[in-house]
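Me: I should like to study a protein model step by step. Please show me the sequence and the structure before we begin.

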Amino acid sequence: MPEEFHRIRRLPPYVFAEVNGAKARARAAGEDIIDLGMGNPDGPTPPHIVAKLIEAVQDPRTHRYSVSKGITGLRKALANYYERRFGITLNPENEVIATLGSKEGLANLAAAITSPGDTILVPNPSYPIHQFGFIIAGAAVRSIPATPDETMLRALDVAVRHSVPKPTALIVNFPSNPTAWVADLDFYRELVAFARKHEIYILSDLAYAEIYFGDRVPPSILQIEGAKDIAVEFTSLSKTYSMPGWRMGFAAGNPRLINALTRIKSYLDYGAFTPIQIAAVAALNGPQDCVADMRKLYKERRDVLIRGLHAAGWNVPSPEASMFAWAPIPEQYAHLGSVEFSKLLLSRAKVAVAPGIGFGEYGDSHVRIALVENTQRLRQATRNIRAFLQGHSNVAEPDSDPGADTNEKASEHA
């Protein structure tokens, strides 16, 4: 028998495992590790959403099988969100489907539309499911630059002219995980025109649409006239409402792609637990001040992190959006690559980050830092990093200021 099954052989070793293993060993030894590696929101889900879940789960009728494509009220709520936020009209019957988080939706749509040997265009670096969902489905992935500008557009033109077979789909993700880059409508306009001309589907991942820090509000690709002819967009409640464990996301847009995903899912699941879907309706239709509060929280954390890293001599760009900073490895450590530098940060500064190579080989010059600890812990992390980079000691002393960040408690993620 073969040592590994065919689809498993196409997957490289999980590059985050090495850093995660070192992190687990350090914690087992009693070390205080500040975990900025996984993009796992640490805040509680807003109380009115939790309350709706509790109310719904007490009705035994909700304990039965649900609807794979999402209950009608939930699909209508997502359509209403798109109308309010982007001015886009969606038909909840054939242009919206609920998914078990955006990751599941992306993977299952990849399975639905991919034939073995298809060529798929994926930015590099990008979130792993963007390429590996298609690799698992049997496609060949061609990397393109990840910047939302002429560089990507020129690369797309080259890819179409020199790929055999011609690409069938393109993935975009703005605000981006891991880079935090933001696209504008002018870029999307050119992208949609290109895709329509060459009959290429666009799969847009808009999971971080509501986490932005300035006047540049992230748009939807579906705002472009004609986009629904070739595009589908994935969104999620995970970051917007601090609901990562609830696993609730959506796909919206092109009816043919929505239908393909609906058919695949009808064979695979019965949808999310109905009380979760009902609570998701409360999130989308209810008061939105919690979203503004979340945005303010991440902005405060971003500012603390970036100021602290700059004080440490690490010139990390301040992200416009998302819950991540995309940090170039300091010049004196650039030769190590992202995995070894991440392990060094863990051992010397007691700070865990995500190695950039986990998002593609063109990410190996960076690490991703997640804003998933409170400001007190972020200050401690930057002091530890400063002590390490300046060579004074392995770890800085804990914060001795009793008045610092009294409204936030230190937290760790398992």
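The questions and answers below concern this predicted model.

Me: Which domains does the domain assignment of the protein give?
Reply: The assignment divides the protein into two parts, and one of these is made of two segments of the chain. Domain 2 covers 62-287, and domain 1 covers 6-44 + 289-391.

Me: What area is buried between domain 1 and domain 2?
Reply: The centres of the two domains, taken over C-alpha atoms, are separated by 26 Å. In the contact between them, 32 residues of domain 1 meet 33 residues of domain 2. Carbon and sulfur atoms give 62% of the buried area, which is about 2,900 Å².

Me: How many salt bridges does the rule find across the interface of domain 1 and domain 2?
Reply: The rule asks for a side-chain nitrogen of Lys or Arg within 4 Å of a carboxyl oxygen of Asp or Glu. Applied across the interface of domain 1 and domain 2, it finds two salt bridges.

Me: How far apart are the closest N and O atoms of glutamate 320 and arginine 216?
Reply: A salt bridge requires a distance within 4 Å. Glutamate 320 and arginine 216 form such a bridge, and their closest N and O atoms are 2.9 Å apart.

Me: Is the aromatic pair of tryptophan 314 and phenylalanine 341 stacked or edge-to-face?
Reply: The structure holds 11 aromatic pairs. In the pair of tryptophan 314 and phenylalanine 341, the ring centres are 5.7 Å apart and the planes stand at 90 degrees. Planes over 60 degrees apart count as edge-to-face, so the pair of tryptophan 314 and phenylalanine 341 is edge-to-face.

Me: Where in the chain do tryptophan 314 and phenylalanine 341 lie?
Reply: The two residues are 27 residues apart, and their pair links distant parts of the chain. Tryptophan 314 is in the loop between helix H11 (289-311) and strand S9 (324-328), while phenylalanine 341 is in helix H12 (residues 337-349).

Me: Which residues form one aromatic cluster with Phe341?
Reply: Tyrosine 333 also pairs with phenylalanine 341, in a tilted arrangement with 5.7 Å between centres and 40 degrees between planes. Both tyrosine 333 and phenylalanine 341 are buried, and tryptophan 314 is buried too. The cluster joins Phe341 with Trp314, Tyr333 and Phe388.

Me: Which residues of S12 point the other way from His366, Arg368 and Ala370?
Reply: In a regular strand the side chains alternate between the two faces of the sheet. Strand S12 (residues 366-370) is mostly covered, with five of its five residues buried. His366, Arg368 and Ala370 point one way, and the other way point Val367 and Ile369.

Me: Which residue in S12 stands opposite phenylalanine 324?
Reply: S12 pairs with S9 in the antiparallel sense over five bridges. It also pairs with strand S11 (residues 354-355), again in the antiparallel sense, over two bridges. In S12, the residue opposite proline 355 is valine 367, and the residue opposite phenylalanine 324 is alanine 370.

Me: Why does valine 96 count as buried?
Reply: Valine 96 lies in strand S2 (residues 96-99). Among the residues it touches are Leu78, Leu90 and Ile258. Valine 96 counts as buried because the limit is under 20% and its relative accessible area is 0%.

Me: Is lysine 23 buried or exposed?
Reply: Lysine 23 belongs to helix H2 (residues 16-28). Beyond its neighbours within four places in sequence, lysine 23 is in contact with Ile33, Asp35, Leu346 and Ala352. Its relative accessible area is 13%, and the limit is under 20%, so lysine 23 is buried.

How values were computed. Residues numbered from 1 in each chain as written. Predicted model: local features only at pLDDT ≥ 70, side-chain atom pairs only at ≥ 80, totals over all residues. Heavy atoms only, no water. Phe/Tyr/Trp six-rings, centres within 6.5 Å; stacked < 30°, edge-to-face > 60°. Helix = DSSP H or I, 4+ residues; strand = E, 2+ residues; numbered from the N terminus. Buried < 20%, exposed > 50% of the residue type's maximum accessible area, 1.4 Å probe, protein only. Pairing = 2+ DSSP bridges. Contact = heavy atoms within 4.5 Å. Domains from an automatic or database assignment. Buried area = accessible area lost by both parts, 1.4 Å probe.
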